[in-house]
4 protein chains.
Amino acid sequence: MGMIGGGRGAFIGAVHRMAAALDGQIDLVCGAFSSSAEKSKLSGEDLYLDPSRVYGSYKEMIIEEKNLPEDIRMDFVSIVTPNHMHFAPAVMAIENGFHVVADKPLCFNMEEAYALEKVVKDSGLIFALTHNYTGYPMVKQAKAMFRKGDFGKIRKVVVEYPQGWLSTLLEASDQKQAAWRTDPKKSGIAGAMGDIGTHAENLAEYMTGLKISEICADISILVEGRLLDDDGNVLLRFENGAKGILYASQISAGEENNLRIKVYGEKGGVEWAQMHPNSLIVRWNDKSTQILRTGVGDLSPEAQAHTRIPAGHPEGYLEAFGNIYRNVARCIQARIAGTAVDPLYTDFPTVEDGVRGMNFIYKVIESGKSEQKWIKL
Amino acid sequence: MGMIGGGRGAFIGAVHRMAAALDGQIDLVCGAFSSSAEKSKLSGEDLYLDPSRVYGSYKEMIIEEKNLPEDIRMDFVSIVTPNHMHFAPAVMAIENGFHVVADKPLCFNMEEAYALEKVVKDSGLIFALTHNYTGYPMVKQAKAMFRKGDFGKIRKVVVEYPQGWLSTLLEASDQKQAAWRTDPKKSGIAGAMGDIGTHAENLAEYMTGLKISEICADISILVEGRLLDDDGNVLLRFENGAKGILYASQISAGEENNLRIKVYGEKGGVEWAQMHPNSLIVRWNDKSTQILRTGVGDLSPEAQAHTRIPAGHPEGYLEAFGNIYRNVARCIQARIAGTAVDPLYTDFPTVEDGVRGMNFIYKVIESGKSEQKWIKL
Amino acid sequence: MGMIGGGRGAFIGAVHRMAAALDGQIDLVCGAFSSSAEKSKLSGEDLYLDPSRVYGSYKEMIIEEKNLPEDIRMDFVSIVTPNHMHFAPAVMAIENGFHVVADKPLCFNMEEAYALEKVVKDSGLIFALTHNYTGYPMVKQAKAMFRKGDFGKIRKVVVEYPQGWLSTLLEASDQKQAAWRTDPKKSGIAGAMGDIGTHAENLAEYMTGLKISEICADISILVEGRLLDDDGNVLLRFENGAKGILYASQISAGEENNLRIKVYGEKGGVEWAQMHPNSLIVRWNDKSTQILRTGVGDLSPEAQAHTRIPAGHPEGYLEAFGNIYRNVARCIQARIAGTAVDPLYTDFPTVEDGVRGMNFIYKVIESGKSEQKWIKL
Amino acid sequence: MGMIGGGRGAFIGAVHRMAAALDGQIDLVCGAFSSSAEKSKLSGEDLYLDPSRVYGSYKEMIIEEKNLPEDIRMDFVSIVTPNHMHFAPAVMAIENGFHVVADKPLCFNMEEAYALEKVVKDSGLIFALTHNYTGYPMVKQAKAMFRKGDFGKIRKVVVEYPQGWLSTLLEASDQKQAAWRTDPKKSGIAGAMGDIGTHAENLAEYMTGLKISEICADISILVEGRLLDDDGNVLLRFENGAKGILYASQISAGEENNLRIKVYGEKGGVEWAQMHPNSLIVRWNDKSTQILRTGVGDLSPEAQAHTRIPAGHPEGYLEAFGNIYRNVARCIQARIAGTAVDPLYTDFPTVEDGVRGMNFIYKVIESGKSEQKWIKL
């Protein structure tokens, strides 16, 4: 694996590295960690990389790596830059034959999204988007139960994503994470809705297997001086007639990273909270509630295939993130070896999920500005 | 106290009786428990009432009681009938000089609501509406903290009220509670929004001290064959600029009575859940979360005045309901004695809250049918 | 009902009154609320009692009430005095034909306990001891499941009762509750073990249906200057071979009233916590955990018979306490009416439970002082 | 790092590998994964190791690696075999100049423990024992608070470690984990007390900074046919006068890995549960409870130094385990570089903790067989 972005001081780059390292399937062999060659070099040293493979730019990295022998050069690129820097490296990597893992949202704008989708599809290469919350075993368990029809037709979906870390005008200080996320030139048209709203949208569609068909949004900037939305409330309608609510907020003071989803079918439903990820609350009409737990009892093959350690040994965010990387690694290994992959291990978000996410971001921002009640997705 | 409605098989009548009895301040002395005189009589026997004061109709009760000596006749009437039977007995009781406690929502329709409001105000008598959830000490604690400004300006309110008991077409069976609640002739224009949505609205306004100014609603009948809404999702805007979400659902399969509210200000916020009512979760920007508990530490006078037993001895639904009755009793006692009441004990929902609730019901149903995005309250 | 003790400033007297009032089956008709006749009179006024039935002493009350016509005089006595004042009024009440409800522990010492047991048994009257925690529906649910053998043979019991309110030398101030509970002349030979340890012992035996056969205790005074134990840790052995732990502590700083029990059988087990009493956690070998909830699904008749309101409407301490009174009331009513009582409603702790509790207290204190490892109960 | 044990089918070997890989500080470069050379080879292939460095025995590995150039050979050995196979490889590794990380308990018996301690101390090399639960940030937070005296003198410690996986005679089937843990020839004199009781003991001493001075134990085999203890209840006395309870059980049916600890001082106390490791419940006399969370607010440097990702992104068992490895790696790196290590990163369990743990195991088993109440540690 070669990494683009994620140098000293970055948050998500380190997450990608730990997630990739966890299962011993992926070695970080090279990187272009910063747009400053000096910074990139220092980051490479921190990571014990061969200095000759620490590059000053992603372009250099892609070109130089391509020139290395096949068994030495990186197998894929991991792109962990801010949103406005996803598209160009992704396209160049693919055009040079490298598979790609990229952080979400897919791109800076819809044009890039559609263009990237075309490039990926034309190439036949693997492209994974790190909607990492789908990597949790109990999310996969819920998905499996809905797919099997355990709960009957889905009627209601409530997905919440409150954070509080932007309750003050943090970007006015030197905080790097806040700065780019609230900057329209780096983040795109959306703030909170792009950063976390799209995770919520992706999770809702992933778990239920349903597509959102219409939305009605109230999008706000609640901290004075901010340039992008920091709070959004959205009514949802799904293609099957189910109704829903989605909200994402970065001004919910005191909240950490409280992504939660509740889905109700005719016979029962589930509740899952990212901060307590090893439990899935399952409720039933007129029966007692069950707490499904990773590693306990007769879970779905999907849940079991994404659990590493026995019941009661909590797995967390990095392990779920690592499941995305692990599955990508298996698929790449199989390509190299010319073998088939167990379908259990082919599950990761794709460029199509990325395009859906970008479309959601655009429509939700449009709805927020509109007096029209419902906007089709 | 005399009771109208609440005979054998009723749910909420028994709740009112237990709530009223709890503090030893109120004696049930008479009742017209059913529109069937025979049923009323049997219910009176169950309750050890003097048979001469078990009446065949509310009209008879009001007339006969008025004829009794002042120190013997009932001091107030408790109305626990279905919605369509609130108005007439309430008006008659007031016109005959009796204070009233009535179950929510206030009336069957807006016309009744406005008319009743006028009657109550003209009379100067006490009228209490049992939005019982405002009786919980930790709701009062949160209200006190917002009023004091502990959290700064309120930015976001999320109030949820999922139940699952109407996930099937229960009214097609003989279930009495389901039957009238889903019958437009008894319940009014709304189902879930009237039965529980109005509790959510009342709680949000009570706790925050803010008024909802605009709404945008998606109101649904999700169980085939039902005549009134069983699910509603609502975007909220508050007069101070805060944004919010309210939903009420009776088809959230497996949910019991899961009223929850989260309110966020600039500096922090609270979360309260009716099913765990003795805790108030208080979150802060960059500080650890606190769990305020009834009976522990330095709570507001309002919270303390509505707690009966020491910390760790859970109080519940009946105790909160009883707080409404206890405060009404204190106010009536003070009227009789010509004394003042400690303002801590004058807190109960009034006819104005009832009119606001009815207006909310009407506007939310209107919004549900409208293509216009925002509707003013 | 007539009450002995429980005047102004008392805690448990008010609890008994609310618990008794809740179901509308019991009227407080008289009382001797204090050893001071003046205080008793004022307490009677607070409670709207007929002044002629507010007595200056329990002796006066029992004699005077006995002289009243049968249909007017109290049906039973409720004794809510400190431990050293249980025996004499209980014996006198019984000898004069009154049923008795008494607070725990049964008496001041073993001699009194055995003597009272004899008096009660000889009389044939009803004697109930308010080990109120057995009144919770989910405790009864667990008991029913163990009795049915749902979990196989019981192997392990862990019962914990930490409180923190005596973490300082509170009795050195004027705190009435602390003062008598830590005074050997009023409380008896034990402090925490008598006040709450005996609740833990009673709960363990009640829920499991097993008897403790041997104990090994470490009993401590951890706050300097205190005269009675404030902390005790006890190893348990049960007659069927099960092993266990019991601890009770009043110096567990910050704990409210955190009585909890876990019982494990061969196939699964339960966990119940008094501070969240409407849930029963049920665990199974290799199956997902269930959360049984009052009012939900197919609970035992015993649980259902002790639940008043629907699922999700929390019941608490007073309701459980009220179940003891309600059952006593039903049994007394049946005696008066000469009818049979549904066995579901005959369940309340008896004088035998009280003697077992006193014996537990004595043996646990003995063990605490002994170098012998195991002491038989 | 070179690994001894942990071949295909092993549980804890994979855990050690993931924990070591997480931070990108440690490469697995060689291994002797099984006593079968063939199995070792296959395991090495799974792990993409250079076949020339996959050895048929630990002896071979230590000798061959020592012959490699310094910058190529492994820096330390990780020993993840069953208990009876800790001592010999550890001694040989140290005698050949390799640092050691070993799984707990330290050895098979006391003689080995004392001998190993001497070897380690004489060598001056690093020896770390994976009492991994001490690696959790909130455990370090609690430790820091007790050390600072935030809670005053410690009075009471309750540490529980229930598991349920040995509720049946699992060792009678082919289950590898159960088989060796219940076999006196591989596990040593203790079953549950060695496997998990020693974790509980270590956690209690680590968090409080106190030493256990006396114990009184009831040790049982509750599943018929088992050869070693599967349940143990222990009264504790600490050197400072604090009292406590420790229990460890593998027959607590339905429990996963429910290690919990509660510690109470004069002013307040903490509760920490391994299955919800990112929270530390902090209780205070007469103040509201706090929930300290990893990444939130003003935590101790020790907690912060052992947290990888922001608040609300759950870290789990592998991350805590990884903290042990990360600190060992830092210390070894510093040795190699001749630099000092920030004391924050020198915290891992040592051979002395291992000896204390072995002594605890021996004394607890002795106490279980003794009629003497207290046994000194």
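**Stop 1: the parallel sheet of chain A**

Start by selecting strands β1 to β5 of chain A in this predicted model. They form an open sheet in the order β2-β1-β3-β4-β5, and the pairing is parallel. Colour β2 (30–32) and β5 (127–129) of chain A: these two stand at the edges, and each has a single partner strand, so one side of each is left without a neighbour in the sheet. If you look along the sheet, neighbouring strands are turned by 15 degrees against each other on average, direction ignored.

Now add helix α11 (residues 317–337) of chain A, which packs on the sheet. This helix touches β3 (76–79), β4 (99–102) and β5 of chain A, and its direction makes about 175 degrees with that of β4(A).

**Stop 2: walking across the strands**

Next, select β1 (residues 2–4) of chain A together with β2(A); three bridges join the two, which run parallel. Label A:G2 and you will find A:C30 of β2(A) opposite.

On to β3(A), which is joined to β1(A) by three bridges, again in parallel. Here A:M3 stands opposite A:S78. Between β3(A) and β4(A) there are four bridges, and these strands run parallel too. To see one of the pairs, label A:I79 and, opposite in β4(A), A:A102.

Before leaving, show the side chains of β3(A). Which way do they point? A:F76 and A:S78 go one way, while A:V77 and A:I79 go the other way. All four of these residues are buried.

**Stop 3: helix α11 in chain B**

Move to chain B and select residues 317–337, helix α11. This is a good place to try the distance tool. At 1.5 Å a residue, the 21 residues of the helix should span 30 Å, and the C-alpha atoms at its ends are 30 Å apart, which agrees. Colour the helix by accessibility and it proves mostly covered, with 16 of its 21 residues buried. A reminder for reading the colours: an α-helix has 3.6 residues a turn, so residues three or four places apart point the same way. Just after the helix, click on B:G338, whose phi is positive, near 70 degrees.

**Stop 4: a hairpin in chain B and a partner in chain D**

Stay in chain B and select β12 (residues 279–284) along with β13. Five bridges join them, and they run antiparallel. One pair to label is B:I281 with its bridge partner B:I291 in β13(B). The hairpin has two residues between the strands, and B:D286 takes a positive phi near 60 degrees.

How many of the seven residues of β13 (residues 287–293) of chain B are buried? Five are, so the strand is largely enclosed by the rest of the structure. Bring chain D into view to find another pairing: β13(B) and strand β13 (residues 287–293) of chain D pair in the antiparallel sense over three bridges. Across this pairing, B:T289 has D:I291 as its bridge partner.

**Stop 5: two neighbours in chain D**

While chain D is shown, select D:N278, in the loop between β11 (268–273) and β12 of that chain. Is D:N278 buried or exposed? At 7% relative accessibility, it counts as buried. Leaving out residues up to four places away in sequence, D:N278 touches D:M138, D:L292, D:R293, D:T294, D:P314 and D:E315.

Then select D:S279, which lies in β12 (residues 279–284) of chain D. D:S279 is buried as well, with a relative accessible area of 16%, under the 20% cut-off. Beyond its neighbours within four places in sequence, its contacts are D:M138, D:W272, D:I291, D:L292 and D:R293. For a sense of scale, draw a line from D:S279 to D:V100: the two are 179 residues apart in sequence and 31 Å apart in space, C-alpha to C-alpha.

**Stop 6: where chain A meets chain B**

Finally, show chains A and B alone. A rotation of 180 degrees with 0.0 Å of shift along its axis superposes chain A on chain B, with an RMSD of 0.0 Å. That is the relation of a two-fold axis. To find the axis from chain A, go to A:K373, whose C-alpha comes closest to it among the residues of that chain, at 2.2 Å. The same surface serves both copies, since 100% of the contact residues of chain A recur in chain B.

Colour the contact next: 51 residues come from chain A and 51 residues from chain B. The two chains bury about 3500 Å² between them, 47% of it on carbon and sulfur atoms. On the chain A side, show A:R155, A:D218 and A:K373, which lose the most area to chain B, together 19% of what that side buries.

Terms used
Residues numbered from 1 in each chain as written. Chains lettered and ligands numbered in written order. Predicted model: local features only at pLDDT ≥ 70, side-chain atom pairs only at ≥ 80, totals over all residues. Heavy atoms only, no water. Expected span 1.5 Å × (residues − 1). Buried < 20%, exposed > 50% of the residue type's maximum accessible area, 1.4 Å probe, protein only. Pairing = 2+ DSSP bridges. Axes fitted to C-alpha atoms, helices over the stretch in contact; angles between N-to-C directions. Contact = heavy atoms within 4.5 Å. Least-squares fit on C-alpha atoms with pLDDT ≥ 70 in both. Buried area = accessible area lost by both parts, 1.4 Å probe.
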